[in-house]
Amino acid sequence: MGGVIGKGDTPRYSSAATKLEQKMVDAMQQRAQQGTSVKSFNSVIMKFPKIDENLRNCRIIFQQFDEDSNGEIDQLELKHCFQKLDISFTDEEIKDLFEACDIYEHMGMKFNEFIVFLCLVYLLNDPAVSEARKRMGLGNLEPTFETLVDAFVFLDKNKDGYVSKNEVIEAINETSAGERSSGRIGVKRFEEMDWDKNGTVTFKEFLFAFTRWVGIDDNEDDDDDE
């Protein structure tokens, strides 16, 4: 599992994502009250191959949304998608979701960013979106999304909707009790997740790190075209 950020890019965090982030935090706090089935970080790592396989199945849906087949979904294409699926999001809500997932400000969501978008939509769990997921054929992906939510809840020991460095170290220590390197591993994993370097990790940051951990890169589409 290498570093998270590729191509020398620096992720962009806009103020427009603030409202969406608060919705994510609120949703994660509510979800945390249900507890988690994850017993160790290693148990999540063991699921990496299956998670990778399931997430890659999203590519067919990604290609359907990518109307001009340029390897990215722009804001207008996302809006068209919502209209086709009868999802009643406002233009502002669509813009916030788009900007939250278009982390490199390419003005288009690449495949890994699209996966994060789908999981955020799953977490927000709007009833209309739940129906749309079924029409999109995403029903069979819900166990995978739930595993990702479950993993974040496991890391979020104090259930505040964020993950701190100490919480990651604690989670790694629970898995690697007695190993001298466990603290360093915890710090490295946290640094891979904390993209804006503010000392806490949101569910969105966790998702972007996770896609890289399981092997889904931000430049996969470029590689596929070669």
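A residue is taken as buried when its relative accessible area is under 20%. In this predicted model, Cys81 has a relative accessibility of 6% and therefore counts as buried. Cys101, at 0% relative accessibility, is likewise classed as buried. A disulfide is a covalent bond between the sulfur atoms of two cysteines. The search for such pairs returned zero disulfides.

The largest pocket encloses about 210 Å³ of space. Ten residues line this pocket, and those closest to its centre are Leu20, Lys23, Phe89, Glu93 and Leu124. Two elements, helix H1 (18–32) and helix H6 (91–101), each give two or more residues to the lining. The largest share, four residues, is supplied by H6. By residue class, the lining consists of six charged and four nonpolar residues, with no polar ones.

Side chains of opposite charge can pair when their charged atoms come close. Across the whole structure, nine salt bridges were found. One of them joins two residues of the pocket lining, Glu93 and Lys23, with the closest N and O atoms 3.8 Å apart. Because Glu93 belongs to helix H6 and Lys23 to helix H1, this pair ties together parts that are 70 residues apart in sequence. Both partners are partly exposed, Glu93 at 29% relative accessibility and Lys23 at 42%.

A further salt bridge is formed by the side chains of Lys110 and Glu72, at an N to O distance of 3.7 Å. Lys110 is in the loop between H6 and helix H7 (111–124), whereas Glu72 is in the loop between helix H4 (59–65) and helix H5 (75–84); the pair thus links distant parts of the chain, 38 residues apart. In this case both residues are buried, with relative accessible areas of 6% for Lys110 and 17% for Glu72.

Helix H6 also takes part in a salt bridge between Asp91 and Lys79, for which the closest N and O atoms are 3.4 Å apart. Asp91 lies in helix H6 and Lys79 in helix H5, twelve residues apart. Asp91 is partly exposed, with a relative accessible area of 48%, and Lys79 is also partly exposed, at 28%. Elsewhere, Arg31, Glu146 and Asp150 are linked in a network of salt bridges.

Helix H12 spans residues 203–213, and eleven of its eleven residues are buried, so the helix is largely enclosed by the rest of the structure. The buried set comprises aromatic side chains, including Phe203, Phe206, Phe208, Phe210 and Trp213, but also charged ones, among them Lys204, Glu205 and Arg212. H12 is followed by Gly215, which has a positive phi near 105°.

Positive phi values also occur in residues other than glycine. One of these is Lys159, with phi near 55°, located in the loop between helix H9 (142–155) and strand S1 (163–164). Its relative accessible area is 36%, so Lys159 is partly exposed. Lys197 has a positive phi of about 55° and is found in the loop between helix H11 (182–193) and strand S2 (200–201). Lys197 counts as exposed, at 58% relative accessibility.

In an unreviewed entry, UniProt places the feature "domain: EF-hand" at residues 53–88, 143–178 and 188–216. Within the model, the span 188–216 is 59% helix and 7% strand, and its end C-alpha atoms lie 19 Å apart.

Methods: Residues numbered from 1 in each chain as written. Predicted model: local features only at pLDDT ≥ 70, side-chain atom pairs only at ≥ 80, totals over all residues. Heavy atoms only, no water. 1 Å grid on protein atoms, 1.4 Å probe; cavity = no way out; pocket = protein on both sides within 12 Å on 5 of 7 lines; lining within 4 Å. Points joined across faces, edges and corners; volume = space filled by probe spheres on them. Buried < 20%, exposed > 50% of the residue type's maximum accessible area, 1.4 Å probe, protein only. Disulfide = S-S within 2.5 Å. UniProt positions renumbered as here; feature names shortened; annotations may be inferred. Salt bridge = Lys/Arg side-chain N within 4 Å of Asp/Glu carboxyl O.
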